[in-house]
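Here are my notes on the model you sent, set out as numbered points for you to follow alongside the coordinates.

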Amino acid sequence: MPENHAPTTEATAPEALGASEPLEARAAVPAPAAPASAPARTRREPMFPDGPAPDPAGSHHERRIRSFQPRRSRVTTGQGEALRRLWPKWGLDIDGLSKLDLGELFGDPELPVVLEIGFGMGEATAKMAAADPGTGILACDVHTPGQGNLLNLAEQNGLENVRVANGDAIILLREMLVPDALAGLRVYFPDPWPKKRHHKRRLIQPEFLALAATRIAPGGLLHCATDWEPYAEQMLEVLNSSPDFENTQPDGGYAPRPEFRPLTRFEGQGLDKGHVVHDLLFRRRAA
Ligand SMILES: C[S@@+](CC[C@H](N)C(=O)[O-])C[C@H]1O[C@@H](n2cnc3c(N)ncnc32)[C@H](O)[C@@H]1O
């Protein structure tokens, strides 16, 4: 987790290395000694047998800079129970192995589906799904406690239009979604990576937009929001320069927050620090 937000989980030493690290460097990091009380579980063994797979696509083998920091996370009893019970029904591991049929995944071939990258704990996702049952939300994150939390929220609120995807959204977009599969894409408060040497980890970059544009159907909305002013400026610049998207704002600037986007957890933390929030609302151009 980048520095301006308090970490909610701990990173393990090997996992804390970025994907760009050579494998030799990873191998050189000694594994932390297991505490005497730790249950005997090998590193590759899933914590939740029917739940999300650890790094399902093995993306740590891919030499690519990742937009998130893999971390070992504390999962509450309720989240763990939801992961075990509801993952087989509503969960999806991003293994990069096959193309997804979103109509089949949501049980409705007519349902428009939007992808949300980085839902965190999922409260805003659940609110959006409840407010708009005619849209499917494919909610993607690597954060296990959040996956459990969103599954719980979906069940408690009877939400049939949410699916929880575990893994790197880049692999989902690149390997598993067919062209024009999405009615829209939402990226709310992506990790801001404030240090200059980490800017390359920011999600919203020209290469990402070029990939996303192939998966969003013409006319579909790309909606980003951030409370990190320099990142907002970068987003506006790369989005306005993209040949694939047009700004919904005639002045080429930020958009007012649309009513369908609830306040998110990270947004609340940013607002408490006096940050200004910007929404960016762009439309996929016709090919
Ligand atoms: C700063 S948090 C924001 C969470 C939530 N949207 C909110 O506003 O409260 C960013 C989230 O994006 C996730 N994330 C970053 N890059 C990702 C990627 N490539 N694929 C999936 N999730 C990613 C992180 O794990 C983290 O949970």
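**Notes on the predicted model**

1. I begin just past a helix end: α9 is followed by G274, a residue whose phi is positive, near 85°. Please bear in mind throughout that this is a predicted model.

2. Within α9 itself, the residues F266, E267 and G270 are buried. Viewed down the axis of the helix, the buried residues of α9 fall within an arc of 100°, so they line one face of the helix. The face of α9 turned away from that buried side carries G268 and D272, which are exposed.

3. Helix α9 also matters for the description of the ligand surroundings, since the largest share of the shell around the ligand, 3 residues, comes from α9. At least two shell residues each are supplied by β3 (136-141), α6 (169-176) and α9 (265-272). In total, 23 residues surround the ligand, and the closest of them are G118, G120, A169, F189 and T264. By character, the residues of this shell divide into 12 nonpolar, 6 polar and 5 charged.

4. T264, listed among the closest residues to the ligand, is also touched by A124, which in addition touches Y188 and P262 when residues up to four places away in sequence are not counted. A124 is found in helix α4, which spans residues 123-131. Is A124 buried or exposed? It counts as buried because it has 22 C-beta neighbours inside 10 Å, where the cut-off for a buried residue is 20 or more. A124 and L150, which are 26 residues apart in sequence, lie 9.5 Å apart in space, C-alpha to C-alpha.

5. Turning to the strands, β5 (residues 182-188) is mostly covered, with 6 of its 7 residues buried. Strand β5 pairs with strand β2 (residues 113-117) in the parallel sense over 4 bridges, and in this pairing I117 stands opposite V187 of β5. Strand β5 pairs as well with strand β6 (residues 216-226), again in the parallel sense, over 6 bridges, and here L185 stands opposite L222 of β6. Between β5 and β6 the chain crosses through helix α7 (residues 206-215), and this β-α-β crossover is right-handed.

6. When inspecting side chains along these elements, it may help to recall a general point: in a regular strand the side chains alternate between the two faces of the sheet.

Definitions and conventions. Residues numbered from 1 in each chain as written. Predicted model: local features only at pLDDT ≥ 70, side-chain atom pairs only at ≥ 80, totals over all residues. Buried ≥ 20, exposed ≤ 12 C-beta atoms within 10 Å, placed from the backbone. Pairing = 2+ DSSP bridges. Right-handed = clockwise from strand over helix to strand, strands pointing away. Contact = placed C-beta atoms within 7 Å. Near = placed C-beta within 6 Å. Nonpolar A, V, L, I, M, F, W, Y, C, P; charged D, E, K, R; others polar. Arc of directions from axis to C-beta.
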